[in-house]
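Please open the structure in a viewer and keep the selection tool at hand. The stops below are meant to be followed in order.

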2 protein chains.
Amino acid sequence: MEERVPVPPPHPARDITEHVGYRLKRAAAALRGAMDKVLREHGLTVPQYSCLELLDENPGLSNADLARGTFVTRQSANVVLRGLKEAGLITRPATADHGRALPVHLTPAGHERLHAARAAVYAVEERMIHAIPGRRLTALLADLDAMAEALGE
Amino acid sequence: MEERVPVPPPHPARDITEHVGYRLKRAAAALRGAMDKVLREHGLTVPQYSCLELLDENPGLSNADLARGTFVTRQSANVVLRGLKEAGLITRPATADHGRALPVHLTPAGHERLHAARAAVYAVEERMIHAIPGRRLTALLADLDAMAEALGE
DNA sequence: GGGCGTATGTCAATGTGTTGACATGCCGAC
DNA sequence: GTCGGCATGTCAACACATTGACATACGCCC
């Protein structure tokens with residue numbers, strides 16, 4: 001490049017209320033990267049892990065449920081599910097007994113893989129949490145939620 | 001689905017220190033979605049807008065610079081740049097005079113498009129900011145940065 | 001000056017995510 | 001009962017992002 005700029009923030013300093021999006025994006029990217037790194041050692045991607053975690057707490061969720069829970073579209077979730085089924089980590093009936101929703105369940109292999117990966121992911125989350133004052137954690141969580149809701153969910 | 005669960009958080013309630021990743025992801029997804037929606041009316045995607053904004057503040061950035069600034073890989077940034085060039089919003093020399101870096105500049109059309117989209121994006125950011133107490137905004141920004149740095153940048 | 005390390009641009013393959021569209025199945029209103 | 005609204009699963013096309021790899025160009029150190 002030219003002057004080796006450390007990539008300053010977008011619109012420099014009109015006032016602090018700007019940049020929120022930038023910082024949010026940066027933090028999310030860092031988290032994603034860190035999770036990706038540790039999960040690769042377990043043969044999982046972030047969306048795959050998210051699905052397994054969600055399914056462990058709520059067995060029988062449908063594809064659409066998982067999509068909502070991981071903040072993506074049904075189509076994306078469907079692709080992830082196909083991968084997980086391919087890997088033998090989940091089961092999914094070919095036909096629904098009631099509606100159209102096909103309830104997904106973890107296989108024993110899925111449980112095992114999840115439990116192995118979980119420790120690594122929790123370690124990342126710990127690292128992240130210890131970086132903030134601690135007294136502010138609750139407020140931070142509330143603010144993140146408030147922002148999400150303000151944007152229409 | 002089965003019992004119409006509003007998709008509860010992953011690991012329910014061991015203590016509040018968990019879920020940070022979940023909330024962060026949710027907030028980032030909401031922001032992304034909202035920006036995507038308003039930007040579509042201007043014929044731009046989020047990464048495209050990010051590049052334009054960065055270039056407006058720092059003309060002559062290279063592809064690699066933009067990649068760092070938008071938290072993606074050089075390859076991803078390269079694809080975005082190709083799209084922007086295709087749309088006539090940026091210029092990029094075919095050959096570098098000094099190193100290998102090819103300095104990118106906004107065209108008049110690029111400036112115009114950016115200025116039009118900026119208002120819409122700022123409105124989204126305003127909506128997001130107004131959802132949090134205001135007194136906590138500075139702390140929130142600091143915490144987001146701290147988390148990003150703790151995860152290895 | 002020759003090599004080494006670093007940074008860059010690019011190609012290829014793959015995974016993830018999106019919009020748009022469609023068919024199917026339930027459920028409540030009529 | 002039937003019809004319309006709504007949710008679901010799925011197909012196709014496309015945008016975006018990743019890892020991995022490679023060639024090129026610069027700066028530095030020896």
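Two residues are said to be in contact when heavy atoms of theirs lie within 4.5 Å. The model shown here is a predicted one.

**Stop 1: chain A as a whole**

Begin by colouring chain A by secondary structure. Six helices and two strands make up its regular elements, and along the sequence they follow the pattern α-α-α-α-β-β-α-α. Chain A has 153 residues, of which 46% count as buried. Among its contacts between residues at least 6 apart in sequence, 47% join residues at least 24 apart.

**Stop 2: A:Ala117**

Select A:Ala117, which belongs to helix H5 of chain A. Is this residue buried or exposed? A:Ala117 has a relative accessible area of 0% and is therefore buried, since the cut-off for a buried residue is under 20%. Now display its surroundings: apart from neighbours within four places in sequence, A:Ala117 is in contact with A:Leu39, A:His42, A:Leu44 and A:Tyr49. One of these, A:Leu44, stands 73 residues away along the chain, yet the two C-alpha atoms are separated by 8.2 Å.

**Stop 3: A:Ile90**

Move next to A:Ile90, in strand E1 (residues 90–91) of chain A. Its relative accessibility is 4%, so A:Ile90 counts as buried. Beyond the neighbours within four places in sequence, the contacts of A:Ile90 include A:Leu52, A:Leu55, A:Leu81 and A:Leu84, as well as A:Val104 and A:Thr107. Measure from A:Ile90 to A:Thr107 in the viewer: the C-alpha atoms are 5.0 Å apart, although 17 residues separate the two in sequence.

**Stop 4: a loop in each chain**

Most residues other than glycine have a negative phi. Select A:Phe71, in the loop between helix H3 (63–69) and helix H4 (74–86) of chain A. Phi of A:Phe71 is positive, near 65 degrees, and the residue is not a glycine. A:Phe71 counts as partly exposed, at 25% relative accessibility.

Then select B:Phe71, in the loop between helix H3 (63–69) and helix H4 (74–86) of chain B. B:Phe71 also has a positive phi, of about 65 degrees, and with a relative accessible area of 27% it is partly exposed.

**Stop 5: helix H2 of chain B**

Select residues 46–57 of chain B, which form helix H2. How far apart are the end C-alpha atoms of this helix? They are 17 Å apart, which agrees with the 16 Å that twelve residues should span at 1.5 Å a residue. Ten of the twelve residues are buried, so H2(B) is largely enclosed by the rest of the structure. Among the buried residues are B:Val46, B:Tyr49, B:Cys51 and B:Leu52, and also the charged residues B:Glu53 and B:Asp56.

**Stop 6: where the two chains meet**

Two packed helices are described by the angle between their axes and the distance between the axes. Show helix H5 (residues 108–129) of chain A with helix H1 (residues 20–40) of chain B: they pack at an angle of about 80 degrees, with axes 10 Å apart. H5(A) and H1(B) are therefore roughly perpendicular to each other. From H5(A), the contact is made by A:Glu125, A:Met128 and A:Ile129, and from H1(B) by B:Val20, B:Gly21 and B:Leu24. Four of these residues are nonpolar, one is polar and one is charged.

Now show helix H6 (residues 137–150) of both chains. H6(A) and H6(B) pack at about 100 degrees, with their axes 11 Å apart, and are therefore roughly perpendicular. A:Leu140, A:Asp143 and A:Met147 meet B:Leu140, B:Asp143 and B:Met147. This contact divides into four nonpolar residues, no polar ones and two charged ones.

Stay with H6(B). Its 14 residues reach 20 Å from the first C-alpha to the last, close to the expected 20 Å. Its buried residues, including B:Leu137, B:Leu140, B:Leu144 and B:Met147, pack against H1, H5 and H6 of chain A together with H1 and H5 of chain B. After the helix comes B:Gly152, whose phi is positive, near 85 degrees.

**Stop 7: the nonpolar core**

Which residues have the most contacts inside the largest nonpolar core? They are A:Leu24, A:Leu39, B:Leu24 and B:Leu39, in a core of 84 residues. Finish by selecting A:Leu24: leaving aside neighbours within four places in sequence, its contacts are A:Leu144, B:Leu24, B:Ala27, B:Ala28, B:Leu31, B:Met128 and B:Leu144.

Conventions: Residues are numbered from 1 along each chain as its sequence is written. Chains are lettered from A and ligands numbered from 1 in the order in which they are written. This is a predicted model: local features need pLDDT of at least 70, side-chain atom pairs count only at pLDDT 80 or more; totals for chains, interfaces and linings use all residues. Side-chain values use heavy atoms; hydrogens and water are left out. Axes are lines fitted to C-alpha atoms, for helices over the stretch in contact, and angles run from 0 to 180 degrees between N-to-C directions. Helices (H or I, at least four residues) and strands (E, at least two) are DSSP runs, numbered from the N terminus. Angles under 35 degrees count as roughly parallel, over 145 as roughly antiparallel, 65 to 115 as roughly perpendicular and the rest as oblique. The expected span of a helix is 1.5 Å times one less than its number of residues. Buried means under 20% relative accessible area, exposed over 50%, partly exposed in between (1.4 Å probe, protein chains only). A nonpolar core is a set of buried Ala, Val, Leu, Ile, Met, Phe, Trp, Tyr and Cys residues joined through side-chain atoms within 4.5 Å.
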